[in-house]
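Trainee: I'd like to learn how to read a structure, one feature at a time. Can we walk through this one together?
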Amino acid sequence: MRIAIVAESFLPLMNGVTHSILRVLEHLEDRGDEVLVIAPSTLDGEAPDRVRGAEIHRLPAVPLAGYTNVRVAMGGVYRVKRILADYAPDVVHLASPFVLGWRAAQAAHQLGIPTVAIYQTEVPSYAARYGVPFLENWAWNRVENIHLLATRTLVPSTFALNQLRGRGIPRVEMWRRGVDTARFSPEKRDDGWRTSVAPGGERIIGYVGRLAVEKQVEDLAALAGIPNTRLVIVGDGPQRAVLEEALPDAVFTGFLGGEELARAVASFDLFVHPGEFETFCQTIQEAMASGVPVVATGRGGPLDLVENSRTGWLYEPGDLSGMRSHVLDLMGDDAKRRAFAATAHASVQDKTWSALCAQLLRHYEQVTALGPRPPGSLAEPARLGRGWGS
């Protein structure tokens with residue numbers, strides 16, 4: 001196939017969207033497909049112009065205020081339309097579309113090219129967390145408009161499926177995420193690494209992710225004072241300095257990737273994720289593959305990933321005393337924690353990226369089999385009039 005992937009973010013920025021794209025690119029390269037990735041420009045002069053056989057087309061971009069390593073592509077629909085017209089893909093894959101993806105959705109719609117839109121980031125709900133709640137309705141209008149134009153929308157969790165269907169979005173189906181069970185494994189547990197972050201032999205409560213407002217990492221302050229434990233924060237982001245002050249007893253490792261990340265996660269005794277706005281939460285799967293039980297909020301993606309009293313515990317959003325109680329439960333009972341860990345590990349062994357990417361290809365094939373579609377054939381004009389913009 002000939003595929004164009006339009007990405008709101010891409011290398012060198014590593015996040016859940018970039019990670020998913022890289023795994024898809026690996027699969028497409030192995031198949032021999034032709035791929036173009038359209039993404040915002042970067043200031044990194046060493047950023048590759050090809051990744052896994054895919055050509056990377058960079059569009060001029062500016063940094064997002066307060067989050068300088070995130071860049072937002074500039075320009076209008078015409079620029080993206082011209083790129084797509086020249087490349088003539090069979091299908092356009094919109095990776096977590098919002099700004100650049102919105103232009104691409106319009107461009108592909110005007111050209112009659114089928115689109116598969118991946119709903120991966122709950123952007124509207126970030127508005128209140130960032131102190132601009134008045135933007136939430138506008139952001140939902142944008143999300144709705146994008147997915148009304150898409151030939152098919154894929155979501156990673158039951159919560160996201162119900163969320164979009166509840167907002168009247170049609171043609172929504174499930175596409176979960178795979179996990180690398182060779183890379184993330186209990187065998188990567190490293191006593192030397194554990195000693196480096198917990199020299200007193202404490203049990204390790206770990207978090208992995210961006211240090212950003214929407215992740216609610218500050219909620220981990222509720223775990224202060226749990227006997228014989230050490231909180232370890234893996235990741236980086238704009239909130240790091242604030243969090244280091246709020247969590248003075250925690251160890252901050254900074255960003256870890258590759259085998260360093262696999263070793264760190266496998267060396268945790270418990271993984272805690274306090275964020276309420278995860279459409280999936282890949283780091284939970286990686287912890288479980290590493291033989292680490294999980295405590296997470298009972299909203300969004302974690303609802304599908306964590307089975308209460310078997311692989312971990314879910315707590316009501318905002319119930320930090322509940323979070324602490326669940327952590328105390330597992331930190332105070334080695335046998336229970338080991339049982340949860342074994343069940344968590346077993347639960348993800350069949351969730352390979354190879355199987356998930358093969359499923360994605362079937363979605364590509366199904367939308368292309370529909371044939372070229374005339375502009376306006378899928379949209380609902382009355383709704384698309386709201387917040388149309390460019």
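Trainee: Let's start with empty space: how much space lies in the largest cavity?

Mentor: First, the ground rules. This is a predicted model, where local features need pLDDT of at least 70, side-chain atom pairs count only at pLDDT 80 or more, and totals for chains, interfaces and linings use all residues. Residues are numbered from 1 along each chain as its sequence is written, and side-chain values use heavy atoms, with hydrogens and water left out.

Mentor: Now the idea: on a 1 Å grid over the protein atoms alone, a cavity is a set of points where a 1.4 Å probe fits but cannot get out, and its lining residues have an atom within 4 Å of a point. Grid points are joined across faces, edges and corners, and the volume is the space filled by probe spheres set on the points. Here the largest cavity holds about 50 Å³, and the count is two cavities of 30 Å³ or more.

Trainee: Which residues line the largest cavity?

Mentor: Its lining is Ser96, Pro97, Ile118, Tyr119, Gln120, Thr121, Val123, Val143 and His147. To sort them, count Ala, Val, Leu, Ile, Met, Phe, Trp, Tyr, Cys and Pro as nonpolar, Asp, Glu, Lys and Arg as charged, and the others, Gly among them, as polar. That gives five nonpolar, four polar and no charged residues.

Trainee: And what is the volume of the second largest cavity?

Mentor: About 40 Å³. Val17, Ser20, Ile21, Val24, His93, Ala95, Ile118, Gln120 and Trp175 line that one, and they split into six nonpolar, three polar and no charged. For element names, helices (H or I, at least four residues) and strands (E, at least two) are DSSP runs, numbered from the N terminus. Helix H1 (16-31) gives the largest share of this lining, four residues, while H1 and strand E7 (91-95) each supply at least two.

Trainee: Next, strands. How do I read the sheet order, and which strands stand at the edges?

Mentor: Two strands pair if DSSP finds at least two bridges between them. Eight strands make an open sheet with mixed pairing, in the order E3-E4-E2-E1-E7-E8-E9-E10. Strand E3 (50-51) and strand E10 (172-174) are the edges, each with a single partner strand, so one side of each has no neighbour in the sheet.

Trainee: What joins E7 to E8?

Mentor: Four bridges, with the two strands running parallel; Ala95 stands opposite Ile118 in E8. On the other pairing, three bridges join E8 to strand E9 (residues 152-155), also parallel, and there Arg152 in E9 is the bridge partner of Val116. E7, helix H3 (residues 100-111) and E8 make a right-handed β-α-β unit: with the strands pointing away from you, the path from the first strand over the helix to the second runs clockwise.

Trainee: Are the residues of E8 buried or exposed?

Mentor: Buried means under 20% relative accessible area, exposed over 50%, and partly exposed in between, with a 1.4 Å probe and protein chains only. In E8 (residues 115-118), Thr115 and Ala117 point one way and Val116 and Ile118 the other, and all are buried. Strand E11 (residues 203-208) has five of its six residues buried, so the rest of the structure largely encloses it. E11 pairs in the parallel sense with strand E12 (residues 229-234) over six bridges.

Trainee: How do I check a helix, and how far apart are the end C-alpha atoms of H5?

Mentor: The expected span is 1.5 Å times one less than the number of residues. For the 14 residues of H5 (residues 136-149) that should be 20 Å, and the end C-alpha atoms are 20 Å apart, which agrees. H5 is mostly covered, with 11 of its 14 residues buried.

Trainee: Last one: which backbone angles deserve a second look?

Mentor: Most residues other than glycine have a negative phi, and most peptide bonds are trans. Ser96, in the loop between E7 and H3, has a positive phi near 50° and counts as buried at 9% relative accessibility. Asn228, in the loop between E11 and E12, has phi near 60° and is partly exposed at 39%. The peptide bond from Leu11 to Pro12 is cis, with omega near 10°.

Definitions and conventions:
1 Å grid on protein atoms, 1.4 Å probe; cavity = no way out; pocket = protein on both sides within 12 Å on 5 of 7 lines; lining within 4 Å.
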